[in-house]
Every structure is written in C-alpha cells, then in structure tokens.
Amino acid sequence: RETFRRSEDARRFAANVETELQRGAWIDPRLGQVTLREYATGWLDLRPAPLRQRTRENYEGILERHIFPTLGSVELGKITPSLIRHWHGRLTGAAATRAKTYRLLRSLLATAVDDELLARNPCHIDGAGVERAAERPSASIEQVCALADVVEPRYRALVLTAGLGGLRLGELLGLRRRHVNVLHRELVVEQQEQELASGRLVLGPPKTDAGIRRLTLPDELVEELEDHLAA
C-alpha cells in the first residue's frame, strides 16, 4: 500500500500505474518482496533444463561467494541498476570469474522478469558479462610427444589423445573401449567424466550438443591406441 504526503504525488502515482496497466507492464510491488537468496534457490531447482550436478555446484559456489554476501538478503523489487553497479564494482577475483558471476545474476533476474516479479532486469552494465581472457598457448606436436615419452607408460595414450585429438580432460576420462575404432580410425566423443565437490565421479553428456562428435584419428595415434588396447 502506498501513502503520499501530497495529493499531487498520489495522482501522479495513480496515473503512472494506469499507464503501465494499459501497456501490460505493471508489476505488483508486493511480488518483488521475495529475497534474492530465496528466489535463487527455487531458480536452481525449477529450471526448464535440469542443471548437471557439476554445473549446479559451480552456480551454488558463485552465488555463495560472490552474490549472496551483498545481495542475498535484498528483496528483488529493491535491486536497482545503481545497486548492481555498486555490487559489480566491488567484485573481486579474476576477470573471467567476475564475468561468469555477472552473467549468472543477469540470467537469474531475467527469469524473475519472465515470472513477472520484476518489470525490467536491473543488470545492464555494458561488457560486464564478456570474458576477455588471453588466448591460451597450445603445445606443439614435438612437446606433446616429449611429454608422452616421460609419463608413466599407462598414461602415454591419454597424453597423445589429448594432444593430437584435441579432447578436453573430462572427455578423455569419459572414453571407453566402445568409443575407439582403430580399424576405421575413428574416435567417438559422447560423454565426459567430472568430479563433484564430494569427490564422487559422474558420467554425463558433453556440455553442448556440438561436443558430441566423431573424430578421424591420425596414423600415429591409431598405432598408439592399438598398443594401448592390446596391453
């Protein structure tokens, strides 16, 4: 319920509400009284596409470390662009972490807009969600082979498959015998193995559909995999 000292202010408020009602843009302020922490908990549980366990752990960690300490107890309706700028200006950590944190909060509040708890998303800091990490150096074939020569023999094929096949660590750990076809020189990537905070290992699909792929193996790697499978 709104109260005003002057009748002129009350009339102006009523006129603004009427305009927003006609535009279909009016949001009942009482709906925004849920705190960010309360809303975020339901947001994690009720996403249309269920989060993978590792992704959920990452989101929970970002919320607890970087978002909740400042914004967790704030009601959604009181989160303003000014408050977002103040919070973002005090974020610490690597640039990539700050970008991930901002994207997570922006996505969460975008859903609050869809749920008609907010009239608009207060997150609109230009470039805040863009990661500008320096390009990672890549090992040469000579360096990959040199590393494979000095690791424990059982891991030689792992190193060579990583270096010559371009697989990520989780994809390498997710490989099984059925994924390797040395006769047709093919390697199928369809799952990855990840370690949760508890130490438990879980298998799941790649992060995106594009991660599911069939690779043609170079001759040198085919020979190494044949030796590895024979052993």
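This is a short tour of strands, salt bridges and one charged patch in a predicted model.

Before you click, note that residues are numbered from 1 along each chain as its sequence is written, and that side-chain values use heavy atoms, with hydrogens and water left out. Because the model is predicted, local features need pLDDT of at least 70 and side-chain atom pairs count only at pLDDT 80 or more, while totals for chains, interfaces and linings use all residues.

**Stop 1: the strands.** Select residues 180-181 and 186-189: these are β1 and β2, paired in the antiparallel sense over 2 bridges. (Strands are DSSP E runs of at least two residues, helices are H or I runs of at least four, and both are numbered from the N terminus; two strands pair if DSSP finds at least two bridges between them.) The two make a hairpin with 4 residues between them, and R185 in the turn has a positive phi of about 55°. Now pick E186 in β2: N181 is its bridge partner, and T216 in β5 stands opposite E186 as well. Add residues 213-216 to see β5, which runs antiparallel to β2 and is joined to β2 by 4 bridges.

**Stop 2: from β5 to a salt bridge.** Stay on β5 and show the side chain of R213, which meets E171 in a salt bridge (2.8 Å, N to O). The term means a side-chain nitrogen of Lys or Arg within 4 Å of a carboxyl oxygen of Asp or Glu. E171 sits in helix α8 (residues 169-173), so this pair ties together parts that are 42 residues apart in sequence. Is E171 buried or exposed? E171 is buried, at 3% relative accessible area, whereas R213 is partly exposed at 22%. (Buried is under 20%, exposed over 50%, partly exposed in between, using a 1.4 Å probe and protein chains only.)

**Stop 3: more salt bridges.** The structure holds 14 salt bridges. Try E64 and R37, at 3.4 Å, N to O; they link helix α3 (residues 53-71) with helix α2 (residues 36-45), 27 residues apart. Then select R156 and E224, whose side chains meet at 3.0 Å, N to O. R156 is in helix α7 (residues 156-165) and E224 in helix α9, 68 residues apart.

**Stop 4: along α9.** Select residues 219-230 for helix α9, where you'll find D227. Together with E220, E223 and E226, D227 forms a negative surface patch. (Patch residues have over 30% relative accessible area and no salt bridge, with like charges joined within 9 Å; Asp and Glu count as negative.) D227 itself is exposed, at 54%.

Key:
Patches are made of residues with over 30% relative accessible area and no salt bridge: like charges are joined within 9 Å, nonpolar side chains (Val, Leu, Ile, Met, Phe, Trp, Tyr) within 5 Å. Accessible areas come from the Shrake-Rupley method with a 1.4 Å probe; for residues, only the protein chains shown count as cover. The place of a charge is taken as NZ of Lys, CZ of Arg, CG of Asp or CD of Glu.
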